[in-house]
Amino acid sequence: MFPQFTEDQSAIREAAHAFAMAEIDPGAAARDASGEFPKAILKQLGEMGFLGMCVPEAYGGGGSDFLSYILALEQVAYADASVAVTMSVNNSVACAPILSFGTPQQKERYLKPLASGEVLGGFMLTEPDAGSDAAALKTRAVHVEGGWQLNGSKAWITNGGVGRYFVTMARTDPDKGKKGISAFILDAHQPGVIMGPPEAKMGLRSSKTVMVALEDAFVPEEALLGKPGDGLKVAFGGLDGGRIGIAAQALGIAQRAMDESVAYARTRRSFGKPIGEHQMIQTYLAEMEARLQASRLLVYRAAAMKEAGRTCTVEAATAKLFTTESAVWICDRAVQIYGGYGYSHEYLVERLYRDVRVTTIYEGTSEIQRMVIARELLK
Ligand code: CAA
């Protein structure tokens, strides 16, 4: 197996799989139907050190390497992609930017509770009129006595309503364009942060995604993350790791679709034999497996590069582009193999098909990943 896992990585992967199948998988279909947020499961993941996996133990985290995090996330997604996105956002775009850019005081105050799972966090970059073009964001941060006052709207905020600390990008200097954006750690537990109701989504129905209105939301001076004007660096740096995480989420979903499809092809019969003996089904299974294996290599390679401290913007974009597009295709084929049953809520592949769809959209659409890759090629 490439890469060769260390003993710790193998142990984390096994522990994550065992926990996912024993504690997360059994209630996943019911949570998908009800939209209930898996609070108790998140608490357990926090106790396991899975909500701040790459954060040093001194700051309440798991002290693991990045590939271990990716292996764990893949296993959680295998059981329930809604839990996986909650875990991914907390790790990748809440904890990681604070770990990279935070002062010792910020790490003590914000990272510790986030990494230990005492509170959940998130990332407020996207706005109603600034999605792919993140630098077009309009939320304004005005310097006031003792800190900053934020006004604006944020959209599609994962962990909104269930999280407390959000890495938030806002415009501090309207005349400086991309360099006039700064990053803050926003405490959502204040009257100026108004969380909308959970969005009614196609999939990931038990993860919480909301619109947020910021009305004179206050951020103290000491919660500015990085230097004024560094907002996009904080945001895009975090998204490099985040995109590998979303690719791992897609990989977990796709592996589940693959396993379900193989099991079904062995037992479902048509024309007097198991459907797995029909060449057309074999062709689907073989193609699904090939895309899965290629995806896995890209995801683990990008994770290993990130762990080695190398710039991995293009590798992360490549892994996300190929894996999420492949995963959408794999889940579509899984539904096809199941035939009419694949279109029914009764069967898992129907949920996988809905859950996987957003992976080509959030943390940078496939079009944005292509743009990142092509820019590098044409430099
Ligand atoms: N790491 C660190 N810094 C980076 C960087 C990276 N990977 N990429 C760019 N930067 C820096 C640049 O160096 C630049 O700073 P300097 O001028 O000082 O050099 C600054 O950031 C701006 O970069 P660009 O000029 O390249 O910015 P751009 O406006 O051309 O945008 C883009 C580039 C790739 C299109 C970017 O806007 C992008 O990635 N858009 C997609 C947004 C996105 O992914 N949103 C996800 C939302 S979060 C989410 O989905 C979470 C969830 O709920 C699951």
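This briefing describes the ligand site, one helix and several individual residues of the structure above. The model is predicted. In this model, 25 residues surround the ligand, and the protein covers 76% of the 1100 Å² of accessible area that the ligand has on its own. Helix α3, which spans residues 39–47, has buried residues among them Ile41 and Leu42, while Ala40, Lys43 and Glu47 on the other side are exposed.

**Ligand site**

- The closest of the surrounding residues are Ser132, Thr158, Arg243, Glu363 and Arg375.
- Sorted by class, the shell around the ligand comprises 11 nonpolar, 7 polar and 7 charged residues.
- A polar backbone atom of Ser132 lies 2.8 Å from a nitrogen atom of the ligand.
- A nitrogen atom of the ligand is also 3.0 Å from a polar side-chain atom of Asp240.
- For Gly364, a polar backbone atom is 3.0 Å from an oxygen atom of the ligand.
- Two elements, α7 (231–267) and α11 (366–377), each give two or more residues to the shell.
- Of the elements, α7 gives the most to this shell, with 7 residues.

**Helix α3**

- The buried residues of α3 are Ile41, Leu42, Leu45 and Gly46.
- Seen down the axis of α3, these buried residues fall within an arc of 145 degrees, so they line one face of the helix.
- The cover over the buried residues of α3 includes α1 (7–24), α2 (28–34), α5 (81–101) and α6 (104–116).
- Just after α3, Gly49 adopts a positive phi of about 85 degrees.

**The loop between α10 and α11**

- Thr360 is placed in the loop between α10 (348–356) and α11.
- Thr360 counts as buried because its relative accessibility is 7%, below the 20% limit for that class.
- The side chains of Thr360 and Arg357 are joined by a polar contact of 2.8 Å.
- Leaving aside residues up to four places away in sequence, Thr360 touches Lys320, Thr324, Glu325, Val328, Thr365 and Ser366.
- Glu363 is also located in the loop between α10 and α11, and Glu363 is one of the closest residues to the ligand.
- Glu363 is classed as buried because its relative accessible area is 14%.
- Although Glu363 is not a glycine, its phi is positive, at about 55 degrees.

**Partly exposed residues and pairs distant in sequence**

- Gly131 belongs to the loop between β1 (121–124) and β2 (140–144).
- With a relative accessible area of 43%, Gly131 is partly exposed.
- Gly131 and Glu363 are separated by 232 residues in sequence, yet their C-alpha atoms are 9.6 Å apart in space.
- Val262 is part of helix α7, and its relative accessibility of 25% makes Val262 partly exposed.
- Between Val262 and Gly276, which are 14 residues apart in sequence, the C-alpha to C-alpha distance is 7.7 Å.
- Asp216 is found in strand β7, residues 209–220, and has a positive phi near 55 degrees in a residue other than glycine.
- Asp216 counts as partly exposed because its relative accessibility is 45%, which lies between the 20% and 50% limits.

Notes. Residues numbered from 1 in each chain as written. Predicted model: local features only at pLDDT ≥ 70, side-chain atom pairs only at ≥ 80, totals over all residues. Heavy atoms only, no water. Buried < 20%, exposed > 50% of the residue type's maximum accessible area, 1.4 Å probe, protein only. Helix = DSSP H or I, 4+ residues; strand = E, 2+ residues; numbered from the N terminus. Arc of directions from axis to C-beta. Contact = heavy atoms within 4.5 Å. Near = heavy atom within 4 Å. Polar contact = N/O pair within 3.5 Å; in protein donor to acceptor, adjacent residues only side chain to side chain. Areas by Shrake-Rupley, 256 points an atom, 1.4 Å probe, with all protein chains shown as cover. Nonpolar A, V, L, I, M, F, W, Y, C, P; charged D, E, K, R; others polar.
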